[in-house]
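User: I have a structure to study, and I want to know what its labels rest on. Can we go through them one by one?

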Amino acid sequence: MHTLTTLTLVIAAIALLNGGSAAKLGSTAAGKSKLYVTNSSGDDVTIIDTSTLKVISTLKVGRAPHGLVASADGTRLYLTVEETQRLLIIDTSTDQIIGEIAIGRTPNKPSLSKDERFCYVPLREENAFEIVDLKAMKVIKRLPAPAWPHNMYTSPDGKRIYLGSINGEKITVIDPATQSVTDEIALGAGVRPMAIPRHGSPIYVALSKLHGFALFDPDQRKIIKKVELAALPPNTPPPFLNTYTHGLLLVDNDRELWVTSCPGNALYVFSLPDLKQTAKIDVGELPNWLTATSDDRVVFVSNSAADTVTAVDARTKKVLATIPVGRAPKRLLVVVSQ
């Protein structure tokens, strides 16, 4: 017994609690579940088996990989690379690059149209976004955006695409049916990552200078509430670009919101809709981005200043493993390939 790792003991205990099931954490009957981690100060993506929490391979993609989005069936992963100015298409069954498309400068987090025909890509240093036709394999349209556009998200019903801008301090609303901007909403602070529930509202938004998150109502076009995390120690230096919170994740059928505290090196968990804090979890230095297995049993966070990823049991709120990856890991995404 003494030779078993702590992780093995945790998995075994959870299996017993689940009626003796031998299924591993993060495993699925439908296919292979893998975690893809972009190492933003390197030129590669680390790939982790979510059932064993072990690194299984590293894929060279070019300098400064940034944003990730996957097809609904998990067969394709789309990755933006800042320095090479490329949108890469990765076959998740082989983890090989099967296509690449030239795009503009500093591409950040992309999003797919509901039919997955088009990929929307923000170009941070060009104050614009591009629409890529994935069938024609080329950019078909470029539109202006508020200063430093950063992350794009498609609403669950596919009728809106939201773009947040850091210096522009706005949420831009795009109609994918017409591929045009329909609204720009000023929020009074840099718009960082968002988390959109299945029913579409409210949208949880991280804002520059806010150690916490805001609730944004897209129909009322305004912030309806702000929630602050626990106070940081006195004299805590402001983080880069005043990014106090950079990761937001909805889990457990939108009954929980997980939030990163970048300078606090911790995750906070809130129950929804009452917004009651239920847990604080210490992780690595400068936690950046969040994702979870398809069953929401394991939450992963990238620790950018520690070059690690932390895996957390979503039920017990206990750390399962700390996994070394590449240089300055940021965006990460679990994909279940067929």
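Analyst: Start with one term: a residue lines a pocket if it has an atom within 4 Å of a point of that pocket. Keep in mind that this is a predicted model.

User: How many residues line the largest pocket, and which lie nearest its centre?

Analyst: By that 4 Å rule, 47 residues line the largest pocket. Val69, Thr154, Ile196, Leu249 and Leu333 lie nearest its centre. The space in this pocket is about 1600 Å³.

User: Which strands supply at least two residues of that lining?

Analyst: β4 (65-70), β8 (111-112), β12 (149-154), β16 (191-195), β20 (248-251), β24 (287-292) and β28 (329-337) each do. β28 gives the most, with six residues.

User: What classes of residue make up the lining of the largest pocket?

Analyst: There are 25 nonpolar, 13 polar and nine charged residues. Leu and Ile count as nonpolar, so Ile196, Leu249 and Leu333, among those nearest the centre, belong to the nonpolar class.

User: What lines the second largest pocket?

Analyst: Its lining has 23 residues, with Arg192, Phe240, Leu241, Asn288 and Lys330 nearest its centre. β4 and β28 are the elements that give two or more residues to it. By class, the lining holds 10 nonpolar, eight polar and five charged residues. The volume of this second largest pocket is about 430 Å³.

User: Why is threonine 92 called buried?

Analyst: Buried means under 20% relative accessible area. Threonine 92 has 1%, so the term applies. This residue is found in the loop between β6 (86-91) and β7 (96-102).

User: What makes the approach of threonine 92 to glycine 74 a polar contact?

Analyst: The cut-off is 3.5 Å between N or O atoms. The side chain of threonine 92 reaches the backbone oxygen of glycine 74 at 2.4 Å. That distance is within the cut-off, so the pair meets the distance rule.

User: How do you know that β9 is largely enclosed by the rest of the structure?

Analyst: Count its residues. Six of the six in β9 (residues 118-123) are buried, so the strand is largely enclosed. Phe118, Tyr120 and Pro122 point one way, while Cys119, Val121 and Leu123 point the other way.

User: How do you know that β9 pairs with β10, and in which sense?

Analyst: Pairing needs at least two bridges. Six bridges join β9 to β10 (residues 128-133), so the two strands pair, and they run antiparallel. Phenylalanine 118 stands opposite aspartate 133 in β10. The hairpin of β9 and β10 has four residues between the strands, and asparagine 127 in the turn has a positive phi of about 50 degrees.

User: What makes β8 and β9 a pair?

Analyst: They have two bridges, and at least two are needed, so they pair, in the antiparallel sense. Leucine 112 stands opposite cysteine 119 in β9. In this hairpin, with five residues between the strands, glutamate 116 takes a positive phi near 65 degrees.

User: Why are β20 and β23 called edge strands?

Analyst: The open sheet has four strands in the order β20-β21-β22-β23, with antiparallel pairing. β20 and β23 (276-282) each pair on one side only. The twist averages 20 degrees from one strand to the next. Within this sheet, six bridges join β21 (residues 256-261) to β22 (residues 266-271), and leucine 257 stands opposite phenylalanine 270 in β22.

Definitions and conventions
Residues are numbered from 1 along each chain as its sequence is written. This is a predicted model: local features need pLDDT of at least 70, side-chain atom pairs count only at pLDDT 80 or more; totals for chains, interfaces and linings use all residues. Side-chain values use heavy atoms; hydrogens and water are left out. On a 1 Å grid over the protein atoms alone, a cavity is a set of points where a 1.4 Å probe fits but cannot get out, and a pocket is an open set with protein on both sides within 12 Å along at least five of seven lines; lining residues have an atom within 4 Å of a point. Grid points are joined across faces, edges and corners, and a volume is the space filled by probe spheres set on the points. Axes are lines fitted to C-alpha atoms, for helices over the stretch in contact, and angles run from 0 to 180 degrees between N-to-C directions. Buried means under 20% relative accessible area, exposed over 50%, partly exposed in between (1.4 Å probe, protein chains only). A polar contact is a pair of N or O atoms within 3.5 Å; within protein, one must be able to donate a hydrogen and the other to accept it, and residues adjacent in sequence count only if both atoms are side-chain atoms.
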